[in-house]
Amino acid sequence: MKRTERLHALTESLRRASVRGRTAQQLADEFEVTTRTIKRDLDALEASGLPVWARTGPGGGYGLAEITSLPPVNLTAAQALALNTAVAVATQAPYSDSARAAANKIRDVLDPGTRRRAADLSQRVWVDVGPSAPRRVMTVLEKALVDQVTVNIDYVDARGQASRREVEPMIFAFTGGRWLLVAWCRLRDDLRWFALHRVERATATRSACSGHSIDEIGEPPVSARSVGV
């Protein structure tokens, strides 16, 4: 995780902690960094104007002043459950971590009674989603699509054949019950549909995409074997 992304995620973690706060060790464990790194990040957030508070001694920790919290959100328990369920089902989807962070923001400002009822109802909804690309892969693909730069990917097709290729990301598409990256493949010099869960590695380049239009995409392939070959 890049530092800018960690600073944003750290802000949201402190916001969710509310008045309880989080210790430096808890934050370090959450983000898989050292406590020294966390303290530097907290100093950076405070220097940027974020009202970070700190308590020393037993039960101490870090948090955000309540003024930074969202105002109360008037949702029913069913609406809150629907939002959480949609996010849970969308774990394969592009930008799913951003969706989860947004849902957490809303959940944290629900009134306590609604939050408890939504938590009780959640026991009656089970979600079992299929495989997805690792977050380290998705983060690269998501940013490359926004920045419109090419990506080097290691890909295994439906026949188990591995290849490495440079692609120009065009769109993310959901079809046939799975998420795919539609991209111009420079290896094949043609449009290809890559199943996201088959992308094993992705590295963004500094090379700009050549500007293929989404009008070139057309319909998804009928045969799963044709995807990404």
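Helices here are DSSP runs of H or I, at least four residues in length, numbered from the N terminus. By that count, Glu-142 sits in helix 7. We'll come back to Glu-142 below, once the overall layout is in place.

## The chain at a glance

What you're looking at is a predicted model. The chain has 229 residues, and 37% of them are buried. There are seven helices and seven strands, and reading from the N terminus the order is α-α-α-β-β-α-α-α-α-β-β-β-β-β. The C-alpha trace spans about 60 × 40 × 30 Å along its principal axes.

How much of the contact map comes from residues that are well separated in sequence? Taking the contacts with a separation of 6 or more, 60% are between residues 24 or more positions apart.

## Two nonpolar cores

In soluble globular proteins, nonpolar side chains tend to end up buried together. The largest nonpolar core in this model has 29 residues, and the members touching the most other members are Leu-141, Val-151, Ile-153 and Phe-194. Two or more residues each come from helix 7 (135–147), strand 3 (149–156), strand 4 (162–175), strand 5 (178–185), strand 6 (190–195) and strand 7 (199–208). There's also a second, separate core of 14 residues, with Leu-7, Leu-10, Ala-28 and Val-52 among them.

Ile-153 is worth a click in the viewer. Not counting residues up to four places away in sequence, Ile-153 touches Leu-141, Ser-163, Arg-164, Arg-165, Val-167, Phe-194, Val-199, Arg-201 and Ala-202. Two of the core members named above, Leu-141 and Phe-194, are in that list.

## Helix 4 against helix 5

Two packed helices are described by the angle between their axes and the distance between those axes. Helix 4 (residues 77–89) and helix 5 (residues 96–108) pack at about 160°, with the axes 10 Å apart. Angles over 145 degrees count as roughly antiparallel, so that is how helix 4 and helix 5 are described. The crossing is left-handed.

Which residues make the contact? On the helix 4 side they are Leu-83, Asn-84 and Val-87, and they meet Ala-99, Arg-100, Ala-103 and Ile-106 in helix 5. Sorted by type, the contact of helix 4 with helix 5 has five nonpolar residues, one polar and one charged.

## Helix 4 against helix 6

Helix 4 also packs on helix 6 (residues 112–122), where the axes come within 8 Å and cross at roughly 55°. That angle lies outside the ranges for roughly parallel, antiparallel and perpendicular, so helix 4 and helix 6 count as oblique to each other. Here the crossing is right-handed.

From helix 4, the contact uses Ala-77, Ala-78, Ala-80 and Leu-81, while helix 6 supplies Thr-114, Arg-117, Ala-118, Leu-121 and Ser-122. The mix is six nonpolar, two polar and one charged.

Ala-80, which belongs to helix 4, makes a handy marker for this spot. Is Ala-80 buried or exposed? Its relative accessibility is 5%, and the cut-off for buried is under 20%, so Ala-80 counts as buried. Leaving aside neighbours within four places in sequence, Ala-80 is in contact with Leu-75, Leu-110 and Ala-118. The C-alpha atoms of Ala-80 and Arg-117 are 9.3 Å apart, although 37 residues separate the two along the chain.

## Glu-142, a buried acid

Now back to helix 7. Glu-142 has a relative accessible area of 6%, so it is buried. Outside its neighbours within four places in sequence, Glu-142 is in contact with Pro-94, Tyr-95, Ser-96, Asp-97, Arg-135 and Phe-172. One of these, Tyr-95, comes up again in the next section.

## Two positive phi values

Most residues other than glycine have a negative phi. Tyr-95 has a phi near 65°, a positive value in a non-glycine residue. Tyr-95 lies in the loop between helix 4 and helix 5, and at 29% relative accessibility it counts as partly exposed.

Asp-189 has a positive phi too, near 50°. Its place is in the loop between strand 5 and strand 6. With 57% relative accessibility, over the 50% cut-off, Asp-189 counts as exposed.

Key
Residues are numbered from 1 along each chain as its sequence is written. This is a predicted model: local features need pLDDT of at least 70, side-chain atom pairs count only at pLDDT 80 or more; totals for chains, interfaces and linings use all residues. Side-chain values use heavy atoms; hydrogens and water are left out. A nonpolar core is a set of buried Ala, Val, Leu, Ile, Met, Phe, Trp, Tyr and Cys residues joined through side-chain atoms within 4.5 Å. Buried means under 20% relative accessible area, exposed over 50%, partly exposed in between (1.4 Å probe, protein chains only). Contact means heavy atoms within 4.5 Å. Axes are lines fitted to C-alpha atoms, for helices over the stretch in contact, and angles run from 0 to 180 degrees between N-to-C directions. Angles under 35 degrees count as roughly parallel, over 145 as roughly antiparallel, 65 to 115 as roughly perpendicular and the rest as oblique. A crossing is left-handed if the near helix is turned anticlockwise from the far one by less than a right angle, and right-handed if clockwise. Ala, Val, Leu, Ile, Met, Phe, Trp, Tyr, Cys and Pro count as nonpolar, Asp, Glu, Lys and Arg as charged, and the others, Gly among them, as polar.
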